[in-house]
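Biologist: I am new to this structure, and I would like to go through it slowly. Could we look at it together and reason from one point to the next?

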Amino acid sequence: MIRSLILLQSYSNFFPETRNRRSEKVSAAKALQETCNYIKSLHREVDDLSERLSELLETTDTTQAAIIRNLLMQ
């Protein structure tokens with residue numbers, strides 16, 4: 001349990017919701033919920049960017065699409 005709290009505390013430094021409130025005491029459950037929400041928002045952003053990239057690749061000519069694909073594979 002204590003190890004989990006220490007890990008959670010160290011991970012919370014990476015997430016803006018908890019980092020902005022360093023002076024406040026945040027419960028482990030709240031920090032975990034905020035971390036999950038942040039990860040979900042990042043996942044939505046990745047999905048959105050993936051969709052936009054797919055649309056871009058569909059509308060560009062084959063040479064440009066090949067260049068973009070090669071860049072993504074690096």
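Modeller: This is a predicted model, and a good place to begin is helix α3, where E34 and K30 are 4 residues apart and are therefore separated by about one helical turn.

Biologist: In which kind of contact do the side chains of E34 and K30 meet?

Modeller: Side chains of opposite charge can pair when their charged atoms come close. For E34 and K30 the distance from N to O is 3.8 Å, and the cut-off for this kind of contact is within 4 Å. The side chains of E34 and K30 therefore meet in a salt bridge.

Biologist: Is E34 buried or exposed, and what is the state of K30?

Modeller: The relative accessibility of E34 is 11%, and because buried means under 20%, E34 counts as buried. K30, on the other hand, has a relative accessibility of 43%, which lies between the limits of 20% and 50%, so K30 counts as partly exposed.

Biologist: Which residue pairs with R52 in a salt bridge, and how many salt bridges are there by this rule?

Modeller: The side chain of R52 meets that of D48, with 3.8 Å from N to O, and D48 is itself partly exposed, with a relative accessible area of 39%. R52 and D48 are 4 residues apart in helix α3, so that about one helical turn separates them. The partner of R52 is thus D48, and by this rule the count of salt bridges comes to 2.

Biologist: Which backbone oxygen lies 2.7 Å from a polar atom of the side chain of T35?

Modeller: T35 is found in helix α3, and because its relative accessibility is 8%, T35 counts as buried. Among the buried residues of α3 there is also A31. The backbone oxygen that lies 2.7 Å from the side chain of T35 is that of A31.

Biologist: Is T59 buried or exposed, and which residue's backbone oxygen does the side chain of T59 reach?

Modeller: T59 is found in helix α3, which covers residues 28-59. Its relative accessible area is 66%, so T59 is exposed. Its side chain reaches a backbone oxygen at 3.1 Å, and that oxygen belongs to L56.

Biologist: How far apart are the end C-alpha atoms of α3?

Modeller: Helix α3 has 32 residues, and at 1.5 Å a residue it should span 46 Å. The expected span agrees with the distance between the end C-alpha atoms, which is 47 Å.

Terms used:
Residues numbered from 1 in each chain as written. Predicted model: local features only at pLDDT ≥ 70, side-chain atom pairs only at ≥ 80, totals over all residues. Heavy atoms only, no water. Helix = DSSP H or I, 4+ residues; strand = E, 2+ residues; numbered from the N terminus. Buried < 20%, exposed > 50% of the residue type's maximum accessible area, 1.4 Å probe, protein only. Polar contact = N/O pair within 3.5 Å; in protein donor to acceptor, adjacent residues only side chain to side chain. Expected span 1.5 Å × (residues − 1).
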